[in-house]
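Visitor: I'd like to learn how to look at a protein model. Could you walk me through one?

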Amino acid sequence: MAAILGINCYKHDSAAALIMDGRLVAAAEEERFRRIKHYSGYPSKAVEFVLSEASLEPSDIDHIAFYMLPGLVMRENLAHSRHYIAKRGGLFFLLSQLNGARKMRNIGTTAREHLGEGLDAPVTFVEHHRAHADSAVFCSGFSEAAVLTMDGVGERDTSVLASFSEGALRIHSRSRFPDSPGIFYSAVTRYLGFMPDNDEYKVMGLSSYGEPEFLKLFRRIIGSRDGRIVVDTGLLDIHMGVHHASFRSEAAGLLGPPRKPGDPISARHMNIACSAQRALEEVGLSLARYLREVSGLDRLVISGGVGLNCVMNGLIEKETGFSEVYPMPASHDAGTSVGAALQVHRNYYPDIPLEVPESMYLGPSFSETEILADLKMARLSWERPDDLARLTAEMVAEGKIVALFNGRMEFGPRALGNRSILADPRREDMKDILNGVVKHREPFRPFCPSCLVESSGEYFQGCAEAPYMIKTYPVVEERKGQIPSVTHVDGTARVQTVRREVNPFYYGVIENFRDITGVPVVLNTSFNIRGEPIVATPVDAIRCFYGTGIDALVMPPFLLKKECGEDGS
């Protein structure tokens, strides 16, 4: 047996993954268990889950794989320390970075303190962008592919362009800190009054409402040359990372005063978002085109935190000449727990073939007995319908908001039908209803469609299959009026296609909705409220259900309704 525990922590989005005999058995983000978004500490609960899922004891672990090279992190921070010391809080920032690197270096000790002396596995430290690259190639199932990674910063790299072929990764070019696309976008996020390293998707959503008024300025700030990203640090001070990056006086003077959190959003703010998004898209397109030329390969995988920018991903697929583009569904740092474990597998167990995961349903699931115990503990009433998928579709078609808690939790930031809230996409007012009684989010943020895979091309231009809600597609013109609540202001949608064999219950819900309404699409948003992670357990689901305006909670085989219920005890 070859059991490899992959871990990432001490920056953001801590997670654990387990690869056993070439199969990705389980992966989960620590935030889901602790109920703290983007949790960065040691992922003890995620580690416990992945071991439990495989019925392993700590002594069964053969290797621990960690997603970063701590020594290089320390050296890079010391090399850039002159940029910190003269600034307010700079010394504290440097010390916190060095302390983070120290904790990374001691990850083996931390794991043994957590799991006990029975753990005797050696630790392998894996280069950060290599972990991003390996996770994307593996999950894509491509035997060979061009590889594009983009993020804030790993140890020192901010982007890697590579080719994967015959089991080997060949690097074509690297971008290095401070030439960072991720920190550039986070600086814009902060300038617009949102939380960096958390709210970048808000900038992406807001960008569709604006005009590229400031594009000329942002093109001066960020661009690319010969497969490398270039940032003008004379216009954007990037050295103190995501939470402290700031525009220098010339750029700030052109942009106007930053928005304070909670202030109204003006046309200027929309134009800043639009311009920054366009500048990032231009960089992504340029790198992808360069990579297409130097690699000669026909398929592309994308990873790193910037790989969650689904608008950029959609344009890369449409405009760069690759026949297939696969953005890693867990492109953020959580996905490096998988990539680090993969790198160790390739190094130590090359003769054991890797099994491509069929989905991102890699988290915990709960048996009927476990769900029933929680329902009884909470003294709730429930029903147990004969055809729950049909009844779920009927409720959605009637305008009800229905939460769905089913099977294994998704790995990555998108809810894909197992921890989702469903609603009728035909209702133009559904966005406002959801925002008012459940999600409490900004009105400019779009909701997404889940579509039967067989019908995707009829509703979304150029979409054959998009199972992970990580690329945008134009909505077919004559379909926009049919699904207004999932059509963004720019006429696009971030699509999830659903296959029966991958998620039978969710497919059945959408299939029944199609039979009732003629529309093979439902609105799908994550099962959580603003500021909280997606629900992980039945108790999380029940708490969210009763704390919001959700009308019904479906936890197969059980159904809970607020207006009435039949005591199933």
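What follows is a set of questions and answers about this predicted model.

Visitor: At what angle do helix α8 and helix α12 pack?
Guide: Start with how the two helices run: α8 is roughly antiparallel to α12, because an angle over 145 degrees counts that way. Helix α8 covers residues 181–191 and helix α12 covers residues 267–295, with their axes 10 Å apart. The angle between them is about 175 degrees.

Visitor: Which residues of α12 does α8 meet there?
Guide: Look along α8 to begin with. Its side of the meeting is made by P181, F184, Y185, V188 and Y191. Across from them in α12 are I272, A276, Q277, A279 and L280.

Visitor: Are α8 and α9 roughly parallel or roughly perpendicular to each other?
Guide: Helix α9 spans residues 200–207, and its axis lies 9 Å from that of α8. The packing angle is about 75 degrees. Angles from 65 to 115 degrees fall in one class, so α8 and α9 are roughly perpendicular.

Visitor: Which residues of α9 make the contact with α8?
Guide: From α8, the contact uses Y185, S186, V188 and T189. Y185 and V188 are also among the α8 residues that meet α12. On the α9 side, you'll find E200, V203 and M204.

Visitor: How many of the 10 residues of helix α16 are buried?
Guide: Let's go by name: the buried ones are L388, A389, L391, T392, A393, M395, V396 and A397. Helix α16 runs over residues 388–397 and is largely enclosed by the rest of the structure, because its buried residues number eight.

Visitor: What do the buried residues of α16 pack against, and which residue with a positive phi follows the helix?
Guide: The buried residues pack against the strands β15 (402–405), β16 (419–423), β22 (552–555) and β23 (558–561), and also against helix α19 (504–517). After α16 comes a residue whose phi is positive, near 95 degrees, and that residue is G399.

Visitor: Is G314 buried or exposed?
Guide: G314 is in helix α13, which covers residues 310–319. Leaving aside neighbours within four places in sequence, G314 is in contact with K471 and T472. Its relative accessible area is 10%, and under 20% counts as one class, so G314 is buried.

Visitor: How far apart are the C-alpha atoms of G314 and Y473?
Guide: Along the chain, G314 and Y473 are 159 residues apart. In space, their C-alpha atoms are separated by 6.4 Å.

Visitor: Which residue forms a salt bridge with E250?
Guide: A search of the whole structure finds 33 salt bridges, so let's pick one. E250 sits in helix α11 (residues 249–255), and its partner is 30 residues away in helix α10 (residues 215–221). The closest N and O atoms are 2.9 Å apart, and the partner is R220.

Visitor: Are E250 and R220 buried or partly exposed?
Guide: Take E250 first, at a relative accessible area of 41%. R220 comes out at 42%. Values between 20% and 50% get the middle label, so E250 and R220 are partly exposed.

Visitor: About how many helical turns separate R514 and E511?
Guide: Their side chains meet in a salt bridge, at 3.9 Å from N to O. An α-helix has 3.6 residues a turn, so residues three or four places apart point the same way. R514 and E511 are three residues apart in helix α19, so the separation is about one helical turn.

Visitor: What is the N to O distance in the salt bridge between D515 and R514?
Guide: R514 counts as partly exposed at 29% relative accessibility. D515 counts as partly exposed too, at 49%. Their side chains meet in a salt bridge with an N to O distance of 3.1 Å.

Visitor: Where is R445 found?
Guide: R445 belongs to a network of salt bridges that also links D199, K202, E442 and R530. At 10% relative accessibility, R445 counts as buried. Beyond its neighbours within four places in sequence, R445 is in contact with Y201, K202 and K431. Its place is the loop between α17 (430–439) and β17 (448–452).

Visitor: Which residues form a nonpolar patch with L95?
Guide: L95 lies in helix α5 (residues 90–105). L95 is partly exposed, with a relative accessible area of 49%. The patch on the surface has about 290 Å² of accessible area together, and the partners of L95 are I85 and L91.

Notes. Residues are numbered from 1 along each chain as its sequence is written. This is a predicted model: local features need pLDDT of at least 70, side-chain atom pairs count only at pLDDT 80 or more; totals for chains, interfaces and linings use all residues. Side-chain values use heavy atoms; hydrogens and water are left out. Patches are made of residues with over 30% relative accessible area and no salt bridge: like charges are joined within 9 Å, nonpolar side chains (Val, Leu, Ile, Met, Phe, Trp, Tyr) within 5 Å. Accessible areas come from the Shrake-Rupley method with a 1.4 Å probe; for residues, only the protein chains shown count as cover. A salt bridge is a side-chain nitrogen of Lys or Arg within 4 Å of a carboxyl oxygen of Asp or Glu. Helices (H or I, at least four residues) and strands (E, at least two) are DSSP runs, numbered from the N terminus. Buried means under 20% relative accessible area, exposed over 50%, partly exposed in between (1.4 Å probe, protein chains only). Axes are lines fitted to C-alpha atoms, for helices over the stretch in contact, and angles run from 0 to 180 degrees between N-to-C directions. Angles under 35 degrees count as roughly parallel, over 145 as roughly antiparallel, 65 to 115 as roughly perpendicular and the rest as oblique. Contact means heavy atoms within 4.5 Å.
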